[in-house]
Amino acid sequence: METRSNLKLVIAVIGILFFGLILFAIFLSNSSASLNAIYNISFSKSVSGLSAGNAVTMSGVTVGRIKAISIDKENPGSILVTVALDEQVKIRDGVRADISRSFLNGDASLVLMPSSEGEIISPADTGGEGRIAASGGNK
């Protein structure tokens, strides 16, 4: 009889832990921002170290992820970086993008330098131009 009660206790504890794990996963999935605003950035300099999935930050806060990196079809001498940003973040015409490289492991992230000047840019996926200027005058 004692073996049965231990077995029931173990099954109950495992069930409670499993249920807690499921609730935690649901909590994490709801808290993540929706990265639905698509913008394009054209760089004429090297983008080495950047890859799809790398973070996009603004003022030290992660606001999105790099979605794709390709050769710009309109300007073959440039690299087009497509980013998916949190739709709550408003991007203005004065915002500039730059690449920040880590000296320790060589990874890179895309940094947006905020601006309060200029009109709000509509994302590319909503019919807008969706272009963010790269630092150094690239556009």
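**Entry 1: I91**

I started at I91 and listed its contacts, leaving out residues up to four places away in sequence. I91 touches Y39, M58, L85, L112, E119, I120, I121 and I132. I note here that I am working on a predicted model.

Next I looked up the core around this residue. The largest nonpolar core has 24 residues. I91, L110 and L112 touch the most other members. I then asked which strands supply at least two residues each to this core. They are β1 (37–43), β2 (55–58), β3 (61–71), β4 (79–85), β5 (96–101), β6 (108–113) and β7 (131–134). Strand β1 gives the most, with four residues. As background, nonpolar side chains tend to be buried together in soluble globular proteins.

**Entry 2: the chain as a whole**

I stepped back to the overall layout. I find one helix and seven strands in the protein chain. Along the sequence the pattern reads α-β-β-β-β-β-β-β. The chain has 139 residues, and buried residues make up 30% of them.

I also looked up contact range. I took contacts between residues at least 6 apart in sequence. Of these, 62% join residues at least 24 apart. The exposed area of the chain is about 9000 Å². Carbon and sulfur atoms supply 59% of that area.

**Entry 3: a nonpolar patch on the surface**

Which residues form a nonpolar patch on the surface? I noted F18, F19, L21, I22, L23 and I26. Together they have about 610 Å² of accessible area.

I picked out I26 for a closer look. I26 sits in helix α1, which covers residues 2–31. Its relative accessible area is 43%. That value lies between the 20% and 50% cut-offs, so I26 goes down as partly exposed.

**Entry 4: N40**

I went to strand β1 and stopped at N40. Is N40 buried or exposed? N40 has a relative accessible area of 15%. Buried means under 20%, so N40 counts as buried.

I then checked for a polar partner. The side chain of N40 makes a polar contact with the side chain of T82, at 3.0 Å. I listed the other neighbours too, leaving aside those within four places in sequence. N40 is in contact with L80, V81, T82, A124, G130, R131 and I132. R131 comes up again below, in the salt bridges with D72 and E74.

**Entry 5: salt bridges**

How many salt bridges does the structure hold? I count three. As background, side chains of opposite charge can pair when their charged atoms come close.

I took K45 and D98 to begin with. They form a salt bridge, and the closest N and O atoms are 2.7 Å apart. K45 lies in the loop between β1 and β2, and D98 lies in strand β5. The two are 53 residues apart in sequence, so the pair ties together separate parts of the chain. K45 is partly exposed, at 36% relative accessibility. D98 is also partly exposed, with a relative accessible area of 24%.

I moved on to D72. It forms a salt bridge with R131, with the closest N and O atoms 3.7 Å apart. D72 is in the loop between β3 and β4, R131 is in strand β7, and 59 residues separate them. I record this pair as a link between distant parts of the chain. D72 is buried, at 5% relative accessible area. R131 is buried as well, at 13%.

The remaining pair I looked up is E74 with R131. Their side chains meet in a salt bridge at 3.6 Å, N to O. E74 is in the loop between β3 and β4, and R131 is in strand β7, 57 residues away. Is E74 buried or exposed? E74 has a relative accessible area of 71%. Exposed means over 50%, so E74 counts as exposed.

I put the pieces together. D72, E74 and R131 are linked in a network of salt bridges. In that network, D72 and R131 are buried, whereas E74 is exposed.

**Entry 6: a backbone angle**

I closed with S59. Phi of S59 is near 55°. I flagged this as a positive value in a residue other than glycine. S59 is found in the loop between β2 and β3. Its relative accessible area is 60%, so I list S59 as exposed.

Notes. Residues are numbered from 1 along each chain as its sequence is written. This is a predicted model: local features need pLDDT of at least 70, side-chain atom pairs count only at pLDDT 80 or more; totals for chains, interfaces and linings use all residues. Side-chain values use heavy atoms; hydrogens and water are left out. A nonpolar core is a set of buried Ala, Val, Leu, Ile, Met, Phe, Trp, Tyr and Cys residues joined through side-chain atoms within 4.5 Å. Buried means under 20% relative accessible area, exposed over 50%, partly exposed in between (1.4 Å probe, protein chains only). Contact means heavy atoms within 4.5 Å. Patches are made of residues with over 30% relative accessible area and no salt bridge: like charges are joined within 9 Å, nonpolar side chains (Val, Leu, Ile, Met, Phe, Trp, Tyr) within 5 Å. Accessible areas come from the Shrake-Rupley method with a 1.4 Å probe; for residues, only the protein chains shown count as cover. A salt bridge is a side-chain nitrogen of Lys or Arg within 4 Å of a carboxyl oxygen of Asp or Glu. A polar contact is a pair of N or O atoms within 3.5 Å; within protein, one must be able to donate a hydrogen and the other to accept it, and residues adjacent in sequence count only if both atoms are side-chain atoms.
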